[in-house]
Amino acid sequence: MKMYRVKDYNAMSRKAANIIAAQIILKPDSVLGLATGGSPVGTYEYLVQWYKDGDLDFSQVKTVNLDEYKGLSKDNDQSYFYFMDQHLFSKVNIDIKNTHIPDGTIEDSDEACKRYNSIIEGFGGADLQLLGIGHNGHIGFNEPDEMFIKETHCAALTDSTIEANARLFENPDDVPRYAYTMGIQNIMQAKTIVLIASGKDKAKAIKDAFTGPVTPAVPASILQLHPNVIVIGDEDVFSLYE
Ligand code: F6R
């Protein structure tokens with residue numbers, strides 16, 4: 001595992017974008033596993049800039065996103081499809097047919113998850129998976145639990161996650177209670193995993209995930225067992241890490 005302690009959010013974003021850019025340059029048809037939320041916004045900004053500068057070509061890149069809220073359609077501005085379109089897909093030369101996000105509009109959870117799982121299986125996992133981390137140590141929407149769930153599943157969001165994500169909704173009651181998410185095995189199948197985190201509020205999650213026991217109570221702790229994980233965090237997020 002490589003740990004990079006950098007100054008701030010901008011330095012974190014730049015370093016993550018550099019690693020993703022190198023991946024695309026070395027393997028132009030890479031399968032990128034992507035995340036949404038506040039953590040990767042700056043990373044996507046750098047990637048868009050370098051595409052505009054002519055340094056990056058997304059024409060052969062394929063993507064699989066970690067998750068999507070159940071019940072939200074693509075045109076809902078809180079959906080992760082909308083987020084990805086706004087922050088990356090509409091701004092680079094990616095072929096939208098090569099982008100994959102669970103379909104939140106499929107009512108039948110088993111069907112939605114089976115479909116998405118077979119897409120990930122078809123790729124044999126991502127070449128590089130970008131991750132954020134929740135305050136409770138979640139990755140994707142794999143919430144703290146008594147066991148790790150391997151495959152794509154419908155997760156009931158915990159109060160901590162609903163509270164954290166409420167900042168993005170007009171009314172906290174609008175935060176969906178369920179999401180379709182890649183499972184732990186789907187994530188662990190990636191050849192390289194890049195986890196980004198910033199801010200004092202995530203310091204305990206980082207400490208627990210990387211210095212504590214591997215346990216489904218802290219889902220990100222499973223990453224200790226992956227052979228190629230890169231953690232990029234700012235000074236605040238590493239403030240409890242020894
Ligand atoms: C997003 C995802 C989540 C977030 C995590 C951190 O696709 O799967 O695990 O990465 O909730 O969110 P932010 O970055 O908003 O703090």
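This passage looks at the ligand site and the two largest pockets of a predicted model. Local features need pLDDT of at least 70 and side-chain atom pairs count only at pLDDT 80 or more, while totals for chains, interfaces and linings use all residues. Residues are numbered from 1 along each chain as its sequence is written, and side-chain values use heavy atoms, with hydrogens and water left out.

The ligand is surrounded by 13 residues, the closest being Ser 39, Asp 67, His 138, Gly 140 and Lys 202 (a heavy atom within 4 Å counts as near). This shell splits into 3 nonpolar, 7 polar and 3 charged residues, with Asp, Glu, Lys and Arg taken as charged and Gly among the polar ones. Ligand oxygen atoms sit 2.7 Å from a side-chain N or O atom of His 138, 2.8 Å from one of Thr 36 and 3.0 Å from one of Arg 167. The protein covers 92% of the 410 Å² of accessible area that the ligand has on its own (Shrake-Rupley method, 1.4 Å probe).

The space taken by the ligand is the largest pocket (more than half of the ligand's atoms within 2 Å of its grid points). A pocket here is an open set of points on a 1 Å grid over the protein atoms alone, where a 1.4 Å probe fits, with protein on both sides within 12 Å along at least five of seven lines; lining residues have an atom within 4 Å of a point. Its volume is about 480 Å³. Among its 28 lining residues, Thr 36, Gly 37, Ile 133, His 138 and Lys 202 are closest to the centre.

The second largest pocket has a volume of about 280 Å³.

How values were computed. A polar contact is a pair of N or O atoms within 3.5 Å; within protein, one must be able to donate a hydrogen and the other to accept it, and residues adjacent in sequence count only if both atoms are side-chain atoms. Grid points are joined across faces, edges and corners, and a volume is the space filled by probe spheres set on the points.
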